[in-house]
Amino acid sequence: MNVFTSKTELTKFLEQERIKDKNIGFVPTMGALHQGHLSLIQESRKRTNLTVCSIYVNPTQFNVKSDLENYPRNTEKDIELLVSENCDVCFLPNTNDVYPNGVSKLLEINLSGLDKRMEGERRSGHFDGVVTVVNNLFEIINPDIAFFGEKDFQQLAVIRKMTQVLNMNVEIVGCPIIREPDGLAMSSRNERLTRHERLAATFIYNTLLATKNLNGSIQEKKDFVIKQFENHALFKLDYFDITSEKNLTACIEEPSKLTRAFIAAFIGKVRLIDNIALNN
Ligand code: AMP
C-alpha cells in the first residue's frame, strides 16, 4: 500500500494510474478504523481497481471542542488494517492541503434543507464542515466512485445532494451499517465507552428494533421511544425522528414510502447515533 501525506505526491501518483485507465474508488474516514470502515474498502475493491482511503479528523465538522480533542486517533493500527484489506492508497493529509483557503472558508450550498434537521439542527455548522471537507478531498482525488456508510444516513443524503447541486462527476454508493454481535452500530466513538457503558449501549439498537416491530402510529412509536429513554439510567435521548428516506422530511402519518427511524443519544460523555429502515 502507498501512504501519502502530501497532496502533490498523491496527485502525481493518481495521474500516472489514470493513464493506465484505472477507475478510482474513494473512502473518506476520520480514522480509528473498524469493520464498518473496512466494509466500505471491500465494496470499493469490488467495484473499482484502485482504492484510496483518506484518514483525516476534520476540525470543521466538530461543533464541540472537547469532542474533536477526544476523538480517537490510531494511525499505525489503521495503516495495518488497510494493508490487510489490500487497500491501494492511504492518504493522511495535513490541514493546509485539505483547506488551502483556510478552515474558516466553508462551502455554502443549498442542500434543500437536508442539512437542517436532526444532526444539522443539533450540531450547528456540522454539515458545512462535512460538505467542505468532502468537496476538497474530491478535488484532490477526483474519484469515479465514493463510498459512504448508512450509519451516517443523513450525511450520505447530504453528500448525494452536494454532488447533484455542484454537478460533480462522481457516483456515490451507500453501504449498509455494520454492527457488533450485540447489535451496537460500529463507531470510532464506541472506543470511548467504559465497559459498563459499552454493555448498556446495545439499548439503542434494541430500541430501534422494538420501534420497527411496534404495531402503531408514528406518534405511538415516538412516545414509546421517549418512554424507553426516560426509564433508562444511563442514556439521555438527544432526538428520535421518523423521516422519509429520500428527503428526510418528518413523517406524521402512516408512511407509504420508504421511511427510517433515527436516534441520537448521550451515554456519559459520548454521543452515539443509529438508524433503521422501517419498511423492510
Ligand atoms: P467516520 O470515520 O466516522 O467519518 O466514517 C467514515 C465512513 O465510514 C462514513 O461514510 C461512515 O458512514 C462509515 N461508517 C462508520 N461506521 C460505520 C458502520 N458501522 N457501518 C458502515 N459504515 C460505517
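These legends accompany close-up views of a predicted model.

**View 1. The shell of residues around the ligand.** In this predicted model, the ligand is surrounded by 17 residues, among which Met30, His37, Asp152, Ile178 and Met186 come nearest. When the residues of this shell are sorted by class, nine are nonpolar, six are polar and two are charged. Three elements, namely β2 (24-29), α2 (35-47) and β5 (145-149), each contribute at least two residues to the shell, and the element that gives the most is α2, with three residues.

**View 2. Polar contacts between the protein and the ligand.** A polar side-chain atom of Asp152, which is also one of the residues that come nearest to the ligand, lies 2.6 Å from an oxygen atom of the ligand. An oxygen atom of the ligand also lies 2.9 Å from a backbone N or O atom of Gly149. For Ile178, the contact again involves the backbone, with a polar atom there placed 2.9 Å from a nitrogen atom of the ligand. Taken alone, the ligand would expose 490 Å², and of that area the protein buries 93%.

**View 3. The second largest pocket and its lining.** Rolling a probe the size of a water molecule over the atoms shows where empty space is left. The second largest pocket in the model has a volume of about 190 Å³, and its lining is made up of 15 residues, with Pro100, Asn101, Lys105, Asn135 and Asn136 lying nearest its centre. Both α5 (95-98) and α7 (126-141) supply at least two residues of this lining, and it is α7 that provides the largest share, with five residues. Divided by class, the lining of this pocket comprises six nonpolar, five polar and four charged residues.

**View 4. A salt bridge within helix α2.** Side chains of opposite charge can pair when their charged atoms come close. In this view, the side chains of Lys46 and Glu43 form a salt bridge, with a distance of 3.5 Å from N to O, which falls within the 4 Å cut-off applied to such pairs. Because Lys46 and Glu43 are three residues apart in helix α2, about one helical turn separates them. Helix α2 is also the element that gives the most residues to the shell around the ligand. Counted by the same cut-off of 4 Å, the salt bridges of the model come to 21.

Methods
Residues are numbered from 1 along each chain as its sequence is written. This is a predicted model: local features need pLDDT of at least 70, side-chain atom pairs count only at pLDDT 80 or more; totals for chains, interfaces and linings use all residues. Side-chain values use heavy atoms; hydrogens and water are left out. A residue is near a molecule or strand if one of its heavy atoms lies within 4 Å of it. A polar contact is a pair of N or O atoms within 3.5 Å; within protein, one must be able to donate a hydrogen and the other to accept it, and residues adjacent in sequence count only if both atoms are side-chain atoms. Accessible areas come from the Shrake-Rupley method with a 1.4 Å probe; for residues, only the protein chains shown count as cover. Helices (H or I, at least four residues) and strands (E, at least two) are DSSP runs, numbered from the N terminus. Ala, Val, Leu, Ile, Met, Phe, Trp, Tyr, Cys and Pro count as nonpolar, Asp, Glu, Lys and Arg as charged, and the others, Gly among them, as polar. On a 1 Å grid over the protein atoms alone, a cavity is a set of points where a 1.4 Å probe fits but cannot get out, and a pocket is an open set with protein on both sides within 12 Å along at least five of seven lines; lining residues have an atom within 4 Å of a point. Grid points are joined across faces, edges and corners, and a volume is the space filled by probe spheres set on the points.
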